[in-house]
Amino acid sequence: MRHGTDAAGRSHSWGDERLSLLSAVGTALTDREVMRHALDQAVSELGGLAGLVHWSCGPAGSRTLRLVLASGLPLPALGGWEEIRQDEAPLAPARAVRDGRFVWLPAASGEAAGPFGEAPGAGGTAGPGESDRPGETAWPGENSRTAPGSLPAATTVASVPLTGPDGPVGALSVLTGPREPTPEQAAFLEAVGHWAERRLSRSGAGVGDHDEYPWWQQRPGGSVVQQSLDAVKAGSWEWGIHTGEMRWDRAALTLLGLPRGYEQRIESWIGLIHPEDMPRVMAATEKSLRERGGYEAEYRVRRPDGTTGWVQSRAHLELDENGEPVRMLGKVWDTTESRMARESVGQALRYMSDAFFAVNRDWRITFLNVEAERLVGPAGEVLGRPLWEGPAGTVPELEDRCRRAAADGRPAGFDIRWPTDDRWYHIRLVSVPDGLTAYLTDVTDRRAQAARRAEAERVGAEQASRIRELTSALADAVTTQDVVEVVAEHVLPPFGASGLLIEILEGGRLHLGGAVGYPGVFLRMVDGISAFEGFRPLNDVLDSRLPHFISSVEEYEELFPNLVGRPALSQKKAWAVLPMIASGVAIGVCIVSFAEPRQFSGDERTLLTAFTGMVAQAIARARLYDTEHARAQALQRGLLPRALPTPAALTAAVRYLPASSGTDIGGDWYDVIPLSAERVALVIGDVMGHGLAEAATMGRLRTAVHTLANLELPPEEVLAHLNEVVSDLGDDSYATCLYAVYDPVSGRCSLARAGHPPPLIVRPDGSVECLDPTPDPPLGAADPPFATVDLQLPDGSLLVMYTDGLVESAARDIDTGIAECTQMLTSEYGRLLTCPPDRPRTSGRSAGSEHEVDHDRLDRLCDLLVGVMLPPKLLTADDTALLIARLHELASGNTAEWPLPEDPVAAGLARTHVREQLRAWGLGELITTTELLVSELVANVVRHARGPTRLRLIRGRSLICEVSDASATTPRIRRAAVTDEGGRGLQLVSALSQRWGTRYTAEGKCIWTEQPIAWTGASP
């Protein structure tokens, strides 16, 4: 059913007009004639081949549907449709009655039709009625030869049920082409079915051709096919082209009114054709013979008894072996009643109130009604002429729109101004098989009313838009200053205001919260004024909570004579003093001022008051944010390291950026922890979530990391203990962590990760390596043990550690972010900052200026990565921590190591090694102390532990003495009694060393001491 919309938005349908006309012309016809008209309309609307009506004509409960009426095709072509079992036949009428709904299926299959109407799985060569060209289907009369009782292979059937008081009792069907009916066509077919149901229900018994039962309920006395054949009035014929012999069957003779003894010649047929239709019929015949194609024509016949009727013929040719036509086989059926119905529709169109015209595919006018003649021209002058030669050719864009509608095949509607009467019309274009139809409805008055409504709606929409924009902007405002800027941008310009004052009530005094458009001397005067004395306009507004509008300086001075001179000082001449009320509490005053006198309209007063209510809520939220965010940031700053240590093993630079959107603080943290033997632990982590609870969790984890690092635990054990800490916080607590330990003596870096992004390693040659991006699960969700990665890193390498806020956002996944970060590190400028400085490796002396140069480079590298990965205009909802460390390997010659025997002579041998090595290093002042320390450590091993035993000296920023053994027993200081002979060795070690401790190794344990070195000259 083809739909359209007029200028007022009312939907109307050509299909509805068909139904209306059908009802009008059908009141004087029999039920059989009415049903035949309904079939004709359904076939025409769906572009179909034929229409069928099936009915349960047997006794009650019968499951058989019988064909009781057909239109459009002769009965021999419908032999397979005489009787249908509802529960067995996979045909559309049976399915429609069984399911009680619209059904579209292939004519020869119960399965859904394919995209071109073929039954699923159909294949092979073209059968009867099919085209031998791919993608085409031959209909009767189109190069096809349809065998009796067969239909084209691509025929599909659209059916709707006909429902009685107790449910579906029949089906109305249309045989159509391979294309699926549109929703509009399906709706039209259902509407025709409902109309038929209503007509038949009104008829009742005795209406129709019989007295006892209606014609559609009678049990056939003979063959259903024969009964339907008589109803359709169809027959067959055959013409021998070379002999001129013309034969008709009995039904055709009856239809044409010929006696049985007629002369079987082509001349007998020609003599029946109405003279006015003769040129068309002969032209169709000659075209069929010339093009070897199908034949089709509708014409009038003058029967021998003097009656005249319309018939339609379709035929196909039989060719000899040379391709020459020898015989034409065809069918003929009566179309008098359907022609009358079409003429009735034409009459209705002719005198309808809306203008209507139709054009063919050559854009020549083929029909126009009386109203259209007023716009296009008299029918006698314009019929057959191109549409564009008349007034329609001067309508802008009309031709282009018409051509698009014809090409698209979809209805189109739009308004145009017609040049002949200068009025507005809504034109609806509908594509039809033979061309295009157009409906024109006068909408001039409607457009004028719509224009007035549109103007009123525009004003209302502008006000609503201002409120929406202000609401949206205030929702994004975080601080009090943000609110002032939003009001200045969204409130002042629409009203032409030039000044804004936000006075916030705190402790009984009004404090300036923000201002725009006022001189500084005036702002200093009004800041901190009492809310209850001295400044009457504000006091009155706060007391009454009602707005106060002052239109001029004279009105101001009349109301407040003690404040004469204030307007001149403020450079304003009109004011709207508005109370700010939030949650029922007066929190201050908003003053919108103007440079010129102004009379405030009612709408302006209402809008300004409404705006101020939203501003008050935003100010209240902003003040809470200012207070809470300041506290949260202070807490977070207290939990993060104030300054990083500067061990000799590395140079570090860090950056911490809070989220640029949102108000909660995050749980990102970092740390650098010096360990024994010049080793350093680097840690970075992220507690999932934002808020004070997450910041507190971050503080607990950082403290736990320090404790675990001081126990000299390996990375995997540190993460295992942290996992227990996070798990104890609850099932919804998770954190990621990367923990690394760098040994400058061996150049080895051991690291473990729990859900954290992989570090980037920049080697001295500029190459960048990213570790396996798949870590162990996060803390709180992991199941230890954690995996440890051991890396051998050359001197001067960079270790880049970061949280996911640097590389991941809503607009960028983590892999893309890591790739962008890697690309920046390998860029020309990035390479200048990542390359190691030209200086010797760590030898125990202070790096001095070299360290400062390297630290400056790393600071700039941090700024580069943050600036590129997190530009200022990119709002992020996550905090970001970045830690970059330059690794310095201990120079060769600064370590010495010896094995010791497992007997008492080991202490003396250890003292000898220490004495010789310290003299070689120029540290003679430390010999005595170191000998004592070594003696105690070695004696403790000999007495309480087991071998093998080793001694190692490390010269760094301090002198480190290590004694290792294979025992896991940890020595502890105890308080010895006066009478005890031993137990004072570790007390002596603690007194003589700067630091001492024990760490576990893969072979056992190591006891170490540190002594400060006072450097007085260059290293050897």
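**Exercise 1. A pair of strands and their sheet**

Find the residue in β18 that stands opposite Ser 431, then place β18 in its sheet.

*Solution.*
Step 1. Opposite Ser 431 stands Leu 436 of β18. The model used here is a predicted one.
Step 2. Look at the two strands. β17 covers residues 423–432 and β18 covers residues 435–442. They run antiparallel, and 8 bridges join them.
Step 3. Widen the view to the sheet. It is open, has 5 strands and follows the order β15-β14-β18-β17-β16. The pairing is antiparallel.
Step 4. Go to the edges. These are β15 (365–368) and β16 (412–418), each pairing on one side only. From one strand to the next, the twist averages 25°.
Step 5. Add the helix. α12, residues 398–408, lies across β16, β17 and β18. Its direction runs at about 25° to β17.

**Exercise 2. A second open sheet**

Work out which strands are the edges of the open sheet that holds β27 and β28, and which helix packs on that sheet.

*Solution.*
Step 1. Write down the order: β26-β27-β28-β29-β32. That is 5 strands with antiparallel pairing.
Step 2. Read off the edges. β26 and β32 each pair on one side only. The twist here averages 15° from one strand to the next.
Step 3. Zoom in on one pair. β27 and β28 (residues 735–743) are antiparallel and share 8 bridges. Within this pair, Leu 682 faces Ala 740 of β28.
Step 4. Place the helix. α21 (residues 692–710) packs on the sheet and touches β26, β27 and β28. Its direction makes about 15° with that of β26.

**Exercise 3. A hairpin**

Describe the hairpin of β11 and β12, and find the residue in it with a positive phi.

*Solution.*
Step 1. Take β11, residues 295–302. Of its 8 residues, 6 are buried.
Step 2. Find its partner. β11 pairs with β12 (residues 308–319) over 8 bridges, in the antiparallel sense. One example is Glu 298, whose bridge partner in β12 is Gln 312.
Step 3. Turn to the link. There are 5 residues between the strands. Gly 306 has the positive phi, near 95°.

**Exercise 4. Two helices side by side**

Decide whether α26 and α27 are roughly parallel or roughly antiparallel, and list what meets at their contact.

*Solution.*
Step 1. Take the geometry. α26 (residues 905–921) and α27 (residues 927–944) pack at about 150°, and their axes are 9 Å apart.
Step 2. Apply the cut-off. Angles over 145 degrees count as roughly antiparallel. The two helices are therefore roughly antiparallel to each other.
Step 3. Give the hand. The crossing of α26 past α27 is right-handed.
Step 4. List the contact. From α26 come Ala 906, Ala 907, Ala 910, Arg 911, Val 914, Arg 915, Leu 918 and Arg 919. From α27 come Ile 927, Thr 930, Glu 931, Val 934, Ser 935, Val 938 and Val 942.
Step 5. Sort the contact residues by type. There are 9 nonpolar, 2 polar and 4 charged.

**Exercise 5. Unusual backbone**

Say where Arg 545 and Ala 677 lie, and whether each is buried or partly exposed.

*Solution.*
Step 1. Recall the general rule. Most residues other than glycine have a negative phi, and most peptide bonds are trans.
Step 2. Check Arg 545. Its phi is positive, about 60°. It sits in the loop between α17 (536–544) and β22 (548–550). With a relative accessible area of 41%, Arg 545 is partly exposed.
Step 3. Check Ala 677. Here too phi is positive, about 60°. The loop between β26 (666–674) and β27 (680–690) holds Ala 677. At 1% relative accessible area, Ala 677 is buried.
Step 4. Add a peptide bond. The one joining Pro 784 and Pro 785 is cis, with omega about 15°. Pro 785 is in the loop between β31 (768–770) and β32 (788–792).

**Exercise 6. Buried helix residues**

Name the residues that Thr 612 touches, and the strands that the buried residues of α3 pack against.

*Solution.*
Step 1. Locate Thr 612 in α20, residues 602–639. Buried means under 20% relative accessible area. Thr 612 has 3%, so it counts as buried.
Step 2. Leave out residues up to four places away in sequence. Thr 612 then touches Leu 578, Pro 579, Met 580 and Cys 590.
Step 3. Move to α3, residues 92–99. Its buried residues are Ala 92, Pro 93, Ala 94, Ala 96 and Val 97.
Step 4. Name the strands: β3 (50–55), β4 (64–71), β5 (83–85), β6 (103–106), β7 (156–164) and β8 (167–176).
Step 5. Look past the end of the helix. Gly 100 follows α3 and has a positive phi, near 70°.

Methods: Residues are numbered from 1 along each chain as its sequence is written. This is a predicted model: local features need pLDDT of at least 70, side-chain atom pairs count only at pLDDT 80 or more; totals for chains, interfaces and linings use all residues. Side-chain values use heavy atoms; hydrogens and water are left out. Two strands pair if DSSP finds at least two bridges between them. Helices (H or I, at least four residues) and strands (E, at least two) are DSSP runs, numbered from the N terminus. Axes are lines fitted to C-alpha atoms, for helices over the stretch in contact, and angles run from 0 to 180 degrees between N-to-C directions. Contact means heavy atoms within 4.5 Å. Buried means under 20% relative accessible area, exposed over 50%, partly exposed in between (1.4 Å probe, protein chains only). Angles under 35 degrees count as roughly parallel, over 145 as roughly antiparallel, 65 to 115 as roughly perpendicular and the rest as oblique. A crossing is left-handed if the near helix is turned anticlockwise from the far one by less than a right angle, and right-handed if clockwise. Ala, Val, Leu, Ile, Met, Phe, Trp, Tyr, Cys and Pro count as nonpolar, Asp, Glu, Lys and Arg as charged, and the others, Gly among them, as polar.
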